[in-house]
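Reader: I am new to this structure and would like a close look at a single part of it. Could you take one residue and walk me through its surroundings with care?

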Amino acid sequence: MPVNPDLLGREFPPTPPYLVGREKVREFARAVFAEAPQHHDPEAARALGYGDVVAPPTFAMVIQDMTLQQLLAQPDSGIALERTLHAKQSFRWTRPIVAGDELTGRMSITGLRAMGSGAMVTSETEIVDAAGAHVVTATSVLLIGGDE
């Protein structure tokens, strides 16, 4: 089944709130070799003006992944995970993610281009805090291979 062209413009419901935990930030920082003290030590983060440890920039993928799972779960999408390649990722920040944040993501499909029997799908996820203030916009490009 080819990628459904009706995905373009589709918006998905907000994800459940995700409470950013200090240990999750530390684990993620270790996994991506982010060694700066503000990612591990609350006092170092407070000295920089933050309330707790600061997540590495790519931590936003934790929330964006929840939105991408919504897309992959769509029975009419034509997207099969085994034919999917995550080709590009970018972020537009308002502020860093900090332990204690409660974040929600909302995704929309902003681009869809047929490529032979496959497609390139661009999605944008707006991530906001509990007050509804913008934190980051995460943009992903997925390359979807066609049927064999």
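Author: Buried means that a residue has under 20% relative accessible area, while exposed means over 50%. The model shown here is a predicted one, and the residue to begin with is T125, which lies in strand β4, spanning residues 118–128. Because its relative accessibility is 0%, T125 counts as buried. Leaving aside residues up to four places away in sequence, T125 touches Q64, T67, G105, R106, M107, V136, T137 and A138. With one of these, T67, the contact is also polar, since the side chains of T125 and T67 are joined at 2.9 Å.

Another of the residues that T125 touches, T137, deserves a look in its turn. T137 belongs to strand β5, which covers residues 134–144, and at 2% relative accessibility T137 counts as buried, because that value is under 20%. Two polar contacts involve the side chain of T137: one of 2.8 Å reaches the side chain of E126, and another of 2.8 Å reaches the side chain of H134. When residues up to four places away in sequence are not counted, T137 touches S90, F91, R92, E124, T125 and E126, so that E126 appears both as a residue touched by T137 and as a partner in a polar contact with T137.

For a contrast with T125, consider F33, which is placed in the loop between α1 (22–31) and α2 (42–47). F33 counts as exposed, because its relative accessibility of 69% is over 50%. Although F33 is not a glycine, its phi is positive, at about 60 degrees.

Terms used: Residues numbered from 1 in each chain as written. Predicted model: local features only at pLDDT ≥ 70, side-chain atom pairs only at ≥ 80, totals over all residues. Heavy atoms only, no water. Helix = DSSP H or I, 4+ residues; strand = E, 2+ residues; numbered from the N terminus. Buried < 20%, exposed > 50% of the residue type's maximum accessible area, 1.4 Å probe, protein only. Polar contact = N/O pair within 3.5 Å; in protein donor to acceptor, adjacent residues only side chain to side chain. Contact = heavy atoms within 4.5 Å.
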